[in-house]
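Here's a quick briefing to read alongside the model. Keep the structure open and click through the residues as they come up.

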Amino acid sequence: NSQHKSAYQNTLKREYSRFYVGSLPCDKDLYANVFYFFSEDKNLDADNISKPTWDALNNIAYSDDKQIKIRCAAAIDISNKEFTFDDSNLSDVAYDLINRLFDGEDTVLIEVGVINSNRNLFNLSSLWK
C-alpha cells in the first residue's frame, strides 16, 4: 500500500545518502541494479521493488529516473543460506550487506552508475568493469 511504499522510500533516501559519496544528483545516462534479498516470502516481485526504488532516488542519485537506460532487478530468497562470498576485497557496503544477509534481514542492494559510452551495450557485463 502507499503507506508502506512511502516508508520504504524515506528509509531508502536516508540510507542511500549515508553510503553514497559523490556529487548528486547525476545528470548522465545510467545503469541501475536493485536486488531484494528476503528470507520470508512477502509476495514482492522484482518490479514491485524496483519502481518505488527508482522513484525514491529521483533528485538524490539522478535528476530523473528516465536517465536509467539499463536496469536489472531481482528478488532473491536467502532462506536456504547457501551463499559464498570472496571477502578479500570487500567494501564497507559489502560487509554491511553480508551481515544483514546472514542475520536473515530483508535487504535491498542498489547500484547506480554512469554508462560507459565506450563499451558495447550488448555486452552488459562490461558496464560493471
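Leu57 is a good place to start: leaving aside residues up to four places away in sequence, Leu57 touches Leu12, Tyr16, Tyr62 and Ile110. Bear in mind that this is a predicted model. From Leu57 we can work outwards to the core, the strands, the helix α2 and its salt bridges, and then the loop that follows.

**The nonpolar core**

- Leu57 is among the residues with the most contacts inside the largest nonpolar core, and that list also has Tyr16, Trp54, Tyr62, Ile110 and Val112.
- This core has 18 residues.
- Which elements give two or more residues to this core? They are α1 (2–19), β1, α2 and β3.
- The largest share comes from β1, which puts in 5 residues.

**Strands and how they pair**

- Strand β1 covers residues 30–38, and 8 of its 9 residues are buried, so you'll find this strand mostly covered.
- On one side of the pairing story, β1 runs parallel to β2, with 9 bridges between them.
- Want a landmark for that pairing? Look for Leu30, which stands opposite Ile68 in β2.
- To get from β1 to β2 the chain goes through α2, and this β-α-β crossover is right-handed.
- β1 also pairs with strand β3 (residues 107–114), this time in the antiparallel sense and over 8 bridges.
- The landmark here is Val34, standing opposite Ile110 in β3; Ile110 is also one of the residues that Leu57 touches.

**Helix α2: cap and buried side**

- Asp45 caps the N-terminal end of α2, with a side-chain oxygen 3.1 Å from the backbone nitrogen of Asp47.
- The buried residues of α2 are Ala46, Ile49, Ser50, Pro52, Thr53, Trp54 and Ala56.
- Trp54 turns up again in the core, as one of the residues with the most contacts there.

**Salt bridges**

- How many salt bridges are there? The count comes to 3.
- Arg71 and Asp47 form one of them, at 3.9 Å from N to O.
- Arg71 sits in strand β2 and Asp47 in helix α2, so this pair ties together parts that are 24 residues apart in sequence.
- Both partners are partly exposed: Arg71 has a relative accessible area of 47%, and Asp47 has 49%.
- Asp55 pairs with Lys51, and their closest N and O atoms are 3.0 Å apart.
- Asp55 and Lys51 both belong to helix α2 and are 4 residues apart, which is about one turn of the helix.
- Asp55 counts as partly exposed at 26% relative accessibility, and Lys51 does too at 43%.
- Lys51 also meets Asp65 in a salt bridge, with 3.0 Å from N to O.
- That pair links distant parts of the chain, since Lys51 is in helix α2 while Asp65 is in the loop between α2 and β2, 14 residues apart.
- Is Asp65 buried or exposed? Asp65 is buried, because its relative accessible area of 17% falls under the 20% cut-off.
- Put the shared partners together, and Lys51, Asp55 and Asp65 join into one network.

**The loop between α2 and β2**

- This loop runs between α2 (46–56) and β2 (68–77), and Asn59 is found in it.
- Asn59 has a phi near 65°, a positive value in a residue other than glycine.
- Asn59 counts as exposed, because its 58% relative accessibility is over the 50% cut-off.
- Ala61 lies in the loop between α2 and β2 as well, but Ala61 is buried, with a relative accessible area of 4%.
- Which residue's C-alpha atom is separated by 8.7 Å from that of Ala61, despite being 44 residues apart along the chain? That residue is Ser17.

Conventions: Residues numbered from 1 in each chain as written. Predicted model: local features only at pLDDT ≥ 70, side-chain atom pairs only at ≥ 80, totals over all residues. Heavy atoms only, no water. Buried < 20%, exposed > 50% of the residue type's maximum accessible area, 1.4 Å probe, protein only. Polar contact = N/O pair within 3.5 Å; in protein donor to acceptor, adjacent residues only side chain to side chain. Pairing = 2+ DSSP bridges. Right-handed = clockwise from strand over helix to strand, strands pointing away. Salt bridge = Lys/Arg side-chain N within 4 Å of Asp/Glu carboxyl O. Core = buried A, V, L, I, M, F, W, Y, C linked by side-chain atoms within 4.5 Å. Contact = heavy atoms within 4.5 Å.
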